[in-house]
Amino acid sequence: RLDAWLKGFLQQTFTLHNQSNLVLTTLQNLQPEMEFLLPAHSVDTADIDALCHQYLLPGHPRPRLQPTDLNGMLKGFIDLSFEHDGKYYVADWKSNHLGRNDTAYHEAALTKAVLEHRYDVQYALYLLALHRLLRVRLPDYDYQHVGGAVYFFLRGYQADTQGVLMDRPPAVFIHALDQLFAGKPLTEGQP
């Protein structure tokens with residue numbers, strides 16, 4: 001039974017926000033469990049929170065981050081990073097139970113789950129790590145190479161939403177987050 005579910009999930013044709021079709025079994029350029037380290041120099045979580053509120057799923061409520069300063073190295077692992085149609089993505093697998101059947105995995109429910117658990121902060125850090133990696137590895141790198149974050153809610157892959165929530169924040173967001181982690185203050189007009 002689990003084998004059949006896994007085979008169905010891996011062979012599912014997912015439609016990304018840019019209307020590109022993605023089948024996980026056909027990916028050629030991918031890195032599972034990509035490790036990253038982000039140096040943090042007096043990064044105020046209130047600044048991260050403000051950026052996330054403004055640029056990641058704006059207009060939706062979410063719990064506030066606990067106030068603290070981040071100093072040192074943040075270490076993490078991205079479930080999957082991959083290239084598809086010339087764009088680079090980060091992906092995360094979520095097993096959250098949102099309801100008894102596929103209808104529970106509608107867009108509002110996925111958004112609510114992401115924000116209640118502050119997965120928006122998680123994918124912000126993942127995208128920052130990807131941005132920094134691509135900036136070093138691709139000689140012609142521009143933020144346009146980034147496709148965004150893809151969150152797969154595994155239990156809802158047969159729902160109308162395919163259990164997928166995607167976000168691609170604007171370049172101004174990633175540049176502001178990059179500034180924060182480099183120890184630079186936010187510039188005028190940023191939260």
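This report describes the fold, the nonpolar cores, the aromatic pairs and one histidine site of a predicted model.

Residues are numbered from 1 along each chain as its sequence is written, and side-chain values rest on heavy atoms, with hydrogens and water left out. Because the model is predicted, local features need pLDDT of at least 70 and side-chain atom pairs count only at pLDDT 80 or more, whereas totals for chains, interfaces and linings use all residues.

**Overall fold**

The chain holds five helices and seven strands, where helices (H or I, at least four residues) and strands (E, at least two) are DSSP runs numbered from the N terminus. Along the sequence these elements follow the pattern α-β-β-β-α-β-β-α-α-β-β-α. The radius of gyration is 17 Å, which agrees with the value near 16 Å for a compact globule of 191 residues; this radius is taken over C-alpha atoms, and the globule rule is 2.2 Å times the number of residues to the power 0.38. Along the principal axes, the C-alpha atoms fill a box of roughly 50 × 40 × 25 Å. Of the 191 residues, 49% are buried (under 20% relative accessible area, with exposed over 50% and partly exposed in between, for a 1.4 Å probe and protein chains only). Among contacts (heavy atoms within 4.5 Å) between residues at least 6 apart in sequence, 72% join residues at least 24 apart.

**Nonpolar cores**

In soluble globular proteins, nonpolar side chains tend to be buried together. A nonpolar core is here a set of buried Ala, Val, Leu, Ile, Met, Phe, Trp, Tyr and Cys residues joined through side-chain atoms within 4.5 Å. The largest one has 47 residues, of which Leu177 and Phe181 touch the most other members. Elements giving two or more residues to this core include β3 (30-44), α2 (45-55), β5 (87-94), α3 (107-116) and α5 (171-181), while α4 gives the largest share, eleven residues. Leaving aside neighbours within four places in sequence, Phe181 is in contact with residues including Leu38, Val43, Ile48, Leu70, Leu125 and Arg132. Apart from the largest core lies another, of 16 residues, among them Leu16, Leu22, Leu24 and Leu27.

**Aromatic pairs**

Rings of Phe, Tyr and Trp (its six-membered ring) pair if their centres lie within 6.5 Å, and planes under 30 degrees apart count as stacked, over 60 as edge-to-face and the rest as tilted. By this rule there are 13 aromatic pairs, two of which are set out below.

| Pair | Centre to centre | Angle between planes | Class |
|---|---|---|---|
| Phe9 and Phe14 | 5.5 Å | 65° | edge-to-face |
| Phe14 and Phe152 | 5.0 Å | 75° | edge-to-face |

Phe14 lies in strand β1 (residues 13-15) and Phe152 in strand β6 (residues 146-153), so their pair ties together parts that are 138 residues apart in sequence. Phe9 is buried at 4% relative accessible area, Phe14 is buried at 1%, and Phe152 is buried as well. These three residues belong to one aromatic cluster with Trp5, Trp93 and Tyr157.

Elsewhere, the charged end of Lys94 sits over the ring of Tyr119, 3.8 Å from its centre (NZ of Lys or CZ of Arg within 6 Å of the ring centre and within 35 degrees of the ring normal).

**Histidine 131**

His131 is placed in helix α4 (residues 119-137) and is buried, with a relative accessible area of 1%. The side chains of His131 and Tyr141 are joined by a polar contact of 2.8 Å, that is, a pair of N or O atoms within 3.5 Å, where within protein one must be able to donate a hydrogen and the other to accept it, and residues adjacent in sequence count only if both atoms are side-chain atoms. Not counting residues up to four places away in sequence, His131 touches Tyr141, Tyr143, Ile174, His175 and Asp178.
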